[in-house]
Every structure is written in structure tokens, then in C-alpha cells.
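Student: Got a minute? I'd like to go through this structure with you, one bit at a time.
Tutor: Sure, let's pull it up.

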Amino acid sequence: MRSYDLIVIGSGPAGEKGACQAAYFGKSVAIIEREVMPGGAGVNTGTVPSKTLRESALHISGFQQRGLYGVDMALRPNITAGDFMHRKREVVEKEWDLIEENLRWHSIDRYRGTARFASPHEVVVDTSGYDITLHAEKILIATGSSPHRPDTVPFDDLCIYDSDTVLNIDRIPKSLAVIGAGVIGCEYASIFAALGIEVTLIDGRTELLGFIDREIVDVLLRQIRNRWRIQLQLGNEVEQILPGTDSIKIKLSNGREIVTEKVLYAAGRQSNTAELGLENAGIATGKRGIITVNEHYQTNIPHIYAAGDVIGFPALASTSMEQGRVAMVHAFDLAYKTRLAPLLPYGIYTIPEISMVGLTEEDCLEKGIDYEVGRAYYRNNTRGQIMGDTSGMVKMIVCPATKKLLGIHIIGDSASDLIHVGMMAMLLDGTLDTFIHSVFNYPTLGDMYKYAAYDALQRIARRERQKQQVLSAADSIEQRWAERLNHKDGAEAPPGESSPAGASPAEVAPVEGDAVAAGSHAPSNP
Ligand SMILES: Cc1cc2nc3c(=O)[nH]c(=O)nc-3n(C[C@H](O)[C@H](O)[C@H](O)COP(=O)(O)OP(=O)(O)OC[C@H]3O[C@@H](n4cnc5c(N)ncnc54)[C@H](O)[C@@H]3O)c2cc1C
């Protein structure tokens with residue numbers, strides 16, 4: 001039986017990066033993958049294909065030109081699914097090469113087959129011919145997740161797809177219903193709508209993307225409704241999906257019926273743990289097979305680690321990679337990257353793109369955190385004008401007392417790249433002055449950080465002025481009362497007037513336009 005320092009099960013983002021991290025520090029590593037090609041959902045069915053399709057949709061639809069050169073945004077006539085998928089195939093193949101090169105460079109042994117635990121230190125690889133048993137001191141489970149396929153949905157993968165099988169779509173339909181308005185559902189809805197397909201987006205929840213700042217979601221909603229003409233069916237459960245000969249009928253809980261050519265079901269994912277024989281190693285799981293881990297990504301069996309989608313939220317390629325690395329640093333006591341970064345960025349590749357890091361306005365209100373906002377708009381930015389993006393915005397959430405950033409929210413072109421400027425400032429404890437005193441390339445979208453910072457500073461200054469007004473108004477009322485009392489020599493206050501001693505200055509002296517002092521944050525930019 002071959003023995004290794006580390007066995008990694010799964011070659012997606014968490015597995016690849018975890019394996020390379022350990023191998024980089026001289027550990028002997030085996031990686032087991034059940035699919036022919038490496039990369040997991042990250043490369044084969046999730047991140048990379050969907051982002052490449054988005055780029056293709058932007059290109060094919062002429063959206064990138066946005067009418068700047070009089071280009072029609074309608075779908076190029078006779079576009080085929082093959083045209084649409086062409087670039088995706090090229091990019092995915094390139095990614096395979098990169099992963100294989102990385103594994104080779106780190107001298108990692110590769111095994112093709114389905115892995116299962118035989119004991120806490122032994123893993124059997126079922127190579128669909130014969131079994132190979134491997135032994136290791138440490139094991140990393142990085143088996144990822146797969147689309148949730150409930151029995152109530154009649155998947156045929158010809159007309160009713162999940163987010164994996166939609167990549168095999170045979171032709172561009174005229175209409176598509178997307179069930180599930182989470183990140184994946186919203187992304188695919190806008191990608192297909194950009195191709196000129198009539199899209200209906202259905203979700204039982206009443207709000208779109210509940211964890212995103214509402215003001216940003218409002219901008220997205222305007223684009224979804226007005227630009228893409230996506231029909232939103234929020235707050236409506238799907239009761240039945242009835243496939244017919246030429247179309248599919250979807251019955252909703254509000255009694256409405258949607259008739260569509262194809263359906264994409266994108267509501268939820270489940271951890272890939274069913275085949276792992278976790279019971280042979282004594283590993284505990286939770287809902288939908290999620291493996292529970294501590295902050296070092298150790299399972300309840302200390303030498304067995306788990307990272308990536310298999311441990312649940314946030315289930316992103318970006319965090320999965322880092323979890324894999326952090327887990328291996330702990331496993332082999334490499335003592336340099338002990339925790340996942342305290343701030344995690346989120347990129348949502350709808351059209352337009354959204355990205356965020358830190359707190360939203362709603363988080364601040366819920367937690368009772370004092371905050372101010374600063375905004376800058378793509379339409380007021382030279383690069384935004386050149387690119388033709390006039391709907392985007394950068395929004396900062398700031399602590400008024402320290403001027404430190406609490407959150408950044410961006411909607412518009414390159415949002416998920418642009419977010420990193422603000423995120424680095426937050427990680428380095430930067431304040432609004434960090435942006436005010438920096439020189440930005442011109443013309444760039446990054447320059448909007450400076451203008452958002454100026455806007456936030458102005459708002460903070462206005463707040464201060466209003467506070468001062470309140471205080472001085474209260475002082476003068478108090479003074480007037482004192483004078484009156486002195487004159488009356490102890491006489492009672494006139495009817496209807498109470499003594500200022502019983503009321504706080506703010507209660508007795510509201511100042512005109514005092515919404516900010518009262519805790520309300522007007523959303524519009526003056
Ligand atoms: C449509 C879509 C879009 C997405 N977009 C983004 C995005 O824009 N940004 C982002 O950060 N994330 C995105 N994600 C999420 C991202 O793809 C996942 O978070 C990421 O791939 C998880 O990595 P992982 O290594 O944990 O698992 P996976 O990538 O799922 O890899 C797991 C691997 O383990 C293998 N495996 C499973 N069981 C076994 C077994 N028993 N034996 C051997 N091998 C096994 C699988 O074959 C697979 O190759 C998206 C996901 C989807 C579905």
C-alpha cells in the first residue's frame with residue numbers, strides 16, 4: 001500500500017490549492033479525482049464556464065458597445081448554442097492545462113477514480129476496474145457540491161436543466177424560466193436575457209439577493225426590468241412543472257402559469273459526500289451532507305480536514321482555494337497563514353456586475369452601528385463615460401467618528417476587480433483620507449473611490465454642522481428659559497409649556513432638515 005503525507009480527495013479549487021500548498025513545503029501528496037479532467041465545478045461546470053458564457057453573451061449581444069457605435073443589441077441572427085459555447089470550451093481547456101501543469105510542477109501523484117474511506121487513515125480509489133488503497137497521515141476532503149435535484153422537478157436535461165447540464169444546451173431557446181433567484185439563478189438569467197431570450201426569474205423569496213445592499217439591488221432590479229425585460233416572479237413558489245410536447249408549463253403558488261421553452265432549475269446545491277464512506281472514518285455531517293469543521297478546517301477527526309463547497313457557506317471558488325491552503329498550513333504546522341482573511345469579497349456576475357465587501361447599510365441599521373455613506377457614479381466618471389456604463393455606482397459605508405470604511409458596494413463594469421482597492425484599504429485599516437490623499441490614474445474607474453470619499457466626508461461634515469445647530473438651538477432655549485424663570489422669580493411656566501429641565505435639548509429643539517441627526521440616512525446624492 002502506498003503511503004503519503006497527504007491525500008486530497010477532489011481536484012477543484014480547494015483540492016488543487018490545498019494539495020499544492022502541502023507539496024510546496026515538501027510533503028508527499030496524492031490527489032484523487034473521479035472525473036477525467038481536473039478542476040471540479042470551478043473549472044468544468046461552475047465559475048469558469050458561467051463567466052466565459054457571460055463574456056460571450058456580452059460580446060455576441062453587442063452589450064459591450066452599448067449602442068456607442070450604433071450597434072444593435074439584439075442577438076446576432078442564427079446564433080447557435082455551438083457559437084455560444086465555443087469560447088467556453090477554449091477557456092476550460094486552457095484551465096485544465098494550467099491545473100495539470102501546477103500538479104506536475106509540485107510532483108503531486110494523481111489517481112483517477114472515486115475515493116472512499118476504508119478507515120481514518122486509508123482511502124480506497126475505485127478506478128472502475130480495480131481498487132487501489134492509499135494511506136496518509138493527513139487527509140483533505142475537497143469533494144465540492146452538486147446541483148440540488150429535487151424529485152418534484154422532472155429533469156430531462158434536454159429542456160429542464162440544472163446549472164451543470166445547462167452547459168449542454170442544444171439550441172438557443174426563445175424563452176427560458178429560471179427557478180431560483182440566488183446568485184447562480186440571477187447570473188444565468190441576465191446572461192440569457194442578454195442573448196435576447198425572454199427570461200422569467202422565479203423565486204419563493206420576496207427579495208432578490210438578500211445579503212446585498214438594497215440600494216445596489218435596486219439598481220440591478222432597474223436593469224433587470226427595464227434593460228433585459230426579465231419577468232420577475234418573486235414571492236411565488238413553483239407548485240408544478242408540466243412538460244408538454246413543445247413547451248413547459250410552470251404553475252405558481254399565486255395561480256399564474258408560465259409557459260416556456262426551457263427551464264433552468266438553480267435552487268440550491270448539496271455537498272458531495274454520499275459516496276465517501278465517511279462512516280468508515282467516523283466523520284460527522286450536517287444538513288445536505290455538509291461536513292462540519294472548526295476554524296482550522298479540521299473535521300471531528302483531527303487529522304482529516306475538509307475545505308470548499310463540501311463544508312457549505314460561502315461556497316465560492318475564491319474562498320475554497322484559500323480554505324484549502326489554510327487547512328494545510330494547520331495540518332503541517334507551516335505557521336504562516338493561520339486564518340482565512342477577516343474580510344471576504346463577493347462577486348456576482350450579473351449584468352451589470354456586483355461586488356461587495358464588509359457591511360451593508362442594512363447590516364449597520366440592524367446592528368445599531370452609526371454610519372454614513374459616500375457615493376460616486378459611473379456616469380460622472382470619465383472612464384465610465386468612455387466605456388458607456390452610466391448606471392453603475394460605488395458606495396462606501398463609513399464610520400463617521402473614525403472615517404474608517406465599514407463596507408464597499410459596487411455595481412457596474414469591473415465591479416469585482418474594483419472592489420479589491422477598497423478591500424485592501426479596509427484590511428490595512430485605511431480611512432477616507434487614504435483615498436483623498438492618493439493619486440489615481442486618470443481616466444479610471446478606480447478614481448471613483450476618491451469621489452465617493454469626498455462625498456462621505458461632506459456628509460459627515462454636514463452631520464456635524466447639524467449636530468452643532470441642534471446643540472446651539474438647545475442652548476439658546478435653555479438660556480431663554482433661565483432668563484424667563486429669573487424674571488418671573490420662581491413663577492410657574494405658562495400652560496402648555498413644560499420646563500426644559502424635563503426634556504432633552506434634541507426633544508425640545510428639532511432643527512429644520514434634521515433627518516441625519518435623527519438617525520435617518522437619505523439615500524440620494526445631493
Ligand atoms: C454556475 C456557478 C457559478 C459559479 N460562479 C462562481 C464565481 O463567479 N466565483 C466564485 O468564487 N465561485 C463561483 N461558483 C462556486 C465555485 O464553483 C465553487 O465554490 C467551487 O468550485 C468549489 O470548489 P471545491 O474545490 O470545493 O469543489 P468542486 O469545484 O466542486 O470540486 C470538487 C471535485 O471533487 C471531485 N469529487 C467529488 N467526490 C469525489 C470522490 N468521491 N472521489 C474523487 N473525486 C471526487 C469532483 O469530481 C470535483 O472535481 C460558481 C458555482 C456555480 C455552480
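Student: Which residue just after α5 takes a positive phi?
Tutor: That's Gly 196, with a phi of about 95°. Keep in mind that this is a predicted model.

Student: OK, and α5 itself, where does that helix lie?
Tutor: Helix α5 covers residues 183-194 and lies across β9 (175-179), β10 (198-203) and β15. Relative to β10, α5 runs at about 165°.

Student: How far apart are the end C-alpha atoms of α5?
Tutor: They are 17 Å apart. At 1.5 Å a residue, its 12 residues should span 16 Å, so the two values agree.

Student: Is α5 mostly covered or mostly open?
Tutor: Mostly covered: 12 of its 12 residues are buried. Among them are Val 183, Ile 184, Tyr 188 and Phe 192, and Glu 187 is on that list too.

Student: What do those buried residues pack against?
Tutor: Partners of α5 in the packing are the helices α3 and α6 (214-227), plus the strands β9, β10, β15 and β18 (346-348).

Student: Let's do the sheet. What's the strand order?
Tutor: The order is β8-β15-β9-β10-β11, 5 strands in an open sheet with parallel pairing. At the edges sit β8 (160-161) and β11 (231-234), each paired on one side only.

Student: Remind me, what holds strands together in general?
Tutor: Backbone hydrogen bonds: strands of a sheet pair through them, either parallel or antiparallel.

Student: How many bridges join β8 to β15?
Tutor: There are 2 bridges between β8 and β15 (residues 262-265), and the strands run parallel. Tyr 161 stands opposite Leu 264 of β15 there.

Student: And β9 with β10?
Tutor: Those two pair in the parallel sense over 5 bridges, with Ile 179 standing opposite Ile 202 in β10. Strand β9 is mostly covered as well, with 4 of its 5 residues buried.

Student: Switching topic: which residues come nearest the ligand?
Tutor: Glycines: Gly 10, Gly 12, Gly 40, Gly 144 and Gly 308 come nearest, out of 39 residues around the ligand.

Student: Which elements give two or more residues to that shell?
Tutor: The helices are α1 (13-24), α2 (40-45), α3 (47-61) and α7 (317-331), and the strands are β2 (29-33) and β4 (114-119). You've met α3 already, as one of the elements that the buried residues of α5 pack against.

Student: How does the shell split by class?
Tutor: It has 19 polar, 14 nonpolar and 6 charged residues. Glycine counts as polar in that tally.

Note on methods: Residues numbered from 1 in each chain as written. Predicted model: local features only at pLDDT ≥ 70, side-chain atom pairs only at ≥ 80, totals over all residues. Pairing = 2+ DSSP bridges. Contact = placed C-beta atoms within 7 Å. Axes fitted to C-alpha atoms, helices over the stretch in contact; angles between N-to-C directions. Near = placed C-beta within 6 Å. Expected span 1.5 Å × (residues − 1). Buried ≥ 20, exposed ≤ 12 C-beta atoms within 10 Å, placed from the backbone.
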